[in-house]
Amino acid sequence: MTQGADTYASKKAGPSISGRLFRRRASSGQVKALRYLLLAPAVVLTVLIVFVPLLMALGESVGFDDGWSLEAFRTVLTQSPYPIVLKNTFVIAGIVTFFALLLAAPAAAFIARQSSRTSGVLLALIVASLWISVLVKMFAWQVVLGRLGPLNDLLRFIGLTDAPISMLYTRGAVVISMVHFMIPHACILLVAAMRRVDWEIIIAASTLGAKAGLIFREAYWPQIRLSFIMTALIVFVLSSAFFVAPALLGGPGETMIGMQMKSDLSTRYDSGLPAATGILLTLSLILVSGIAVLMTGGSFRKATRELAK
Amino acid sequence: MTNYEGKSRRHATGVLRAGRRLGVGLVLAGSLPAIAAAQSCHPDGDPIEGQVYFFSSGGSYGRAIEEAYFEPFTEECGVEVVHTTGTRNFAQLEQFVESGNVPWDIAATLTDQEYPLGVEKGLFHKLPDGFWTEIEDEMSEGAISEYGAWAAPYSDVMVYSTVGEVEMEGWADFWDTETFPGPRMMQNSPMSLAIALLADGVPADELYPLDLDRAFAKMDELKPSIRAFWSSAEQPIQGTASGEFVAGTTWNGRVITAMKDGKDVGISWEGALLHSSWTFILEGAPNARNAEALMYFMQRPEQQAKLAEITGYTGGNARVAEFLTPEVLETLPTAPEHVAQASVVDGKWWAENISEVQGRWDAWVVAQ
């Protein structure tokens, strides 16, 4: 989300402002220094709230049972419930990412083609949906999917079912609610990318007689591919850390990693296992990110440069 | 320390205001014999004076104990109750006692484990010999000890759906999927294992130490019918009220509220798991004697009845029955009739075994 906003904003603002402000009076070396200075608060904050806790977690995870030991990691990798919970987490996050992008992409494509005023209004509406707390959204799904809920009423009204069907506490309920939560995030990120698409290339391709499929494959997709994969990555990362949806709408088969960590912390007063679980989750996500960057066909540097455009 | 004092409220001055607000409280306090004021409120008969600092998490329950206990106590015994509110955890108690810097005198335990752990680690002030002698006959079994008394226990009970106009009674019915087919919901907590053993016929007083293998075997039997393990106690209420679930486990207060709201749920107290919260005095409490007097005062059945009327929960004096309408009495986890059917959660056993049992439970829940 923040990354998306940054990406979107950086088109107009970002480092170039400092460049414009200081270029006249300062030498290029000073400009460079000032740019880094602008970056400093973000770096300090990231170090303090991301890297320091991660390092502490790393220390905690290997200090299991007093003294250095990889016992916690062995437990998490081999001992039930952890492997099952890890699998649940990635499977659910994968399904959610697929559907969230499938549903967000057409909407984003539409919004990106509107006048900047219209697309601004539409984006604002999407952002407004984020004002509703995730808890409220999840409890709303409990009502909607309940046996006495409106969805069951509708199904019976149009004659698809005779008796109410049980939709709560299933994987479907978890996936639907999480997709619902992720769509706005995916949409905002994709709109940012799609507004940068150079339509003259597409018009050129069309003028030269290319068919729709070819235009999409050769002229449109390459322009959004990187952002698309990055969006998928962000949605996947957010999904894999999800807690409320599986806790409120899932059955035993939907236990995800956040729930397990909370259980370890609050009932066993054990910090080694959740720390190891968190480190493993972080490593897995770094791995997934690495794969995503490879999929973009470019180096990580190219990927970040593209995103910062 | 300053944090606590910042939130303190002094009740001696608040009594009049509160009395106007709640006429009933005044009537109750006013009806007490006039000579009582001249007598000591401490069971040893010697006078008390000054203040006592009570710590709670505040909120609506905090206001209820002010009304049921603190205000009448101040009025009758002349000791000011300073109610400090906030959050705390067990580690803080150890810190207070070890440092000798004890910021308040008296409070209630927050989990099943706190009371046995506190006793074991010597964090609680030991009451004088013979402290309870005069009232021990009126207290429910196990409701008093040499370190304290029940504060306001709650129970894990069975909630069942009355949508199909069925009535279920006890955990054996919960396991009886032939007579009562349909999905069940249990708490995602190893505490459910105690319920499994009760369903399997283990007598309530022989429950601990839990026979884990037998409990898991019994859970295996029911697992195909347990569609969800809840993490929020409202889930089983919603689930059974809508007919989505046949029955579930939950906390007694939630069911009572739902029944009052006219939802289609019923409650079964048979085999309830009683979580006993304890009122305790910290070792080294500066106003220990006043705190003893307050704790003693809090065992009066008429005051406990008052708390029951406001909150639906109260302490362990069995004589509350005399001061309550049957409608209120039958909603109380500590009603003598309900205590007789309940099994008290053994906080000590859980404190010692939670780590191992939780791991086994977690693995069992997610196993396909």
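B:Glu352 and B:Lys348 sit four residues apart in helix H16 (residues 347-366) of chain B, a separation of about one helical turn. An α-helix has 3.6 residues a turn, so residues three or four places apart point the same way. In this predicted model, the two side chains form a salt bridge, with 3.2 Å between the closest N and O atoms. B:Glu352 counts as exposed, at 52% relative accessibility, just past the cut-off of over 50% for that class. Its partner B:Lys348 is partly exposed, at 40%.

Chain B also holds a network of such contacts: salt bridges with shared partners link B:Asp200, B:Arg214, B:Lys218 and B:Glu221. Over all chains, a search of the whole structure finds 19 salt bridges. Side chains of opposite charge can pair when their charged atoms come close.

Other pairs join residues that are far apart in sequence. In chain A, the side chains of A:Glu254 and A:Arg171 meet in a salt bridge at 3.3 Å, N to O. A:Glu254 belongs to the loop between helix H12 (244-249) and helix H13 (257-268) of chain A, while A:Arg171 belongs to helix H9 (residues 171-194) of chain A, so this contact ties together parts 83 residues apart in sequence. The acidic partner, A:Glu254, is buried, with a relative accessible area of 7%, whereas A:Arg171 is partly exposed at 28%.

A salt bridge in chain B joins B:Asp44 to B:Arg289, at 2.5 Å from N to O. B:Asp44 lies in the loop between helix H3 (23-30) and strand E2 (51-56) of chain B, and B:Arg289 lies in helix H12 (residues 288-297) of chain B; the pair therefore ties together parts that are 245 residues apart in sequence. B:Asp44 is partly exposed at 41% relative accessibility, and B:Arg289 is partly exposed at 30%.

The helix that carries B:Arg289 is itself mostly covered. Nine of the 10 residues of H12(B) are buried, so the helix is largely enclosed by the rest of the structure. The buried residues are B:Ala288, B:Asn290, B:Ala291, B:Glu292, B:Ala293, B:Leu294, B:Met295, B:Tyr296 and B:Phe297.

Strand E12 (residues 278-281) of chain B is another buried element: B:Trp278 and B:Phe280 point one way from the strand, B:Thr279 and B:Ile281 point the other way, and all are buried. In a regular strand the side chains alternate between the two faces of the sheet. E12(B) pairs with two strands. Strand E4 (residues 106-108) of chain B runs antiparallel to E12(B) and is joined to it by three bridges, with B:Ile106 opposite B:Ile281. Strand E6 (residues 148-150) of chain B is also antiparallel to E12(B), again with three bridges; here B:Gly148 stands opposite B:Phe280.

Chain A offers a contrasting surface feature. A nonpolar patch there has about 1100 Å² of accessible area together, and its members are A:Tyr36, A:Leu39, A:Val43, A:Val44, A:Leu45, A:Val47, A:Leu48, A:Ile49, A:Val50, A:Phe51, A:Val52 and A:Met56. One of these residues, A:Val43, lies in helix H3 (residues 28-62) of chain A. A:Val43 is partly exposed, with a relative accessible area of 41%, and patch members need over 30%.

Conventions
Residues numbered from 1 in each chain as written. Chains lettered and ligands numbered in written order. Predicted model: local features only at pLDDT ≥ 70, side-chain atom pairs only at ≥ 80, totals over all residues. Heavy atoms only, no water. Salt bridge = Lys/Arg side-chain N within 4 Å of Asp/Glu carboxyl O. Buried < 20%, exposed > 50% of the residue type's maximum accessible area, 1.4 Å probe, protein only. Patch = residues over 30% accessible without salt bridge, like charges linked within 9 Å, V, L, I, M, F, W, Y side chains within 5 Å. Areas by Shrake-Rupley, 256 points an atom, 1.4 Å probe, with all protein chains shown as cover. Pairing = 2+ DSSP bridges.
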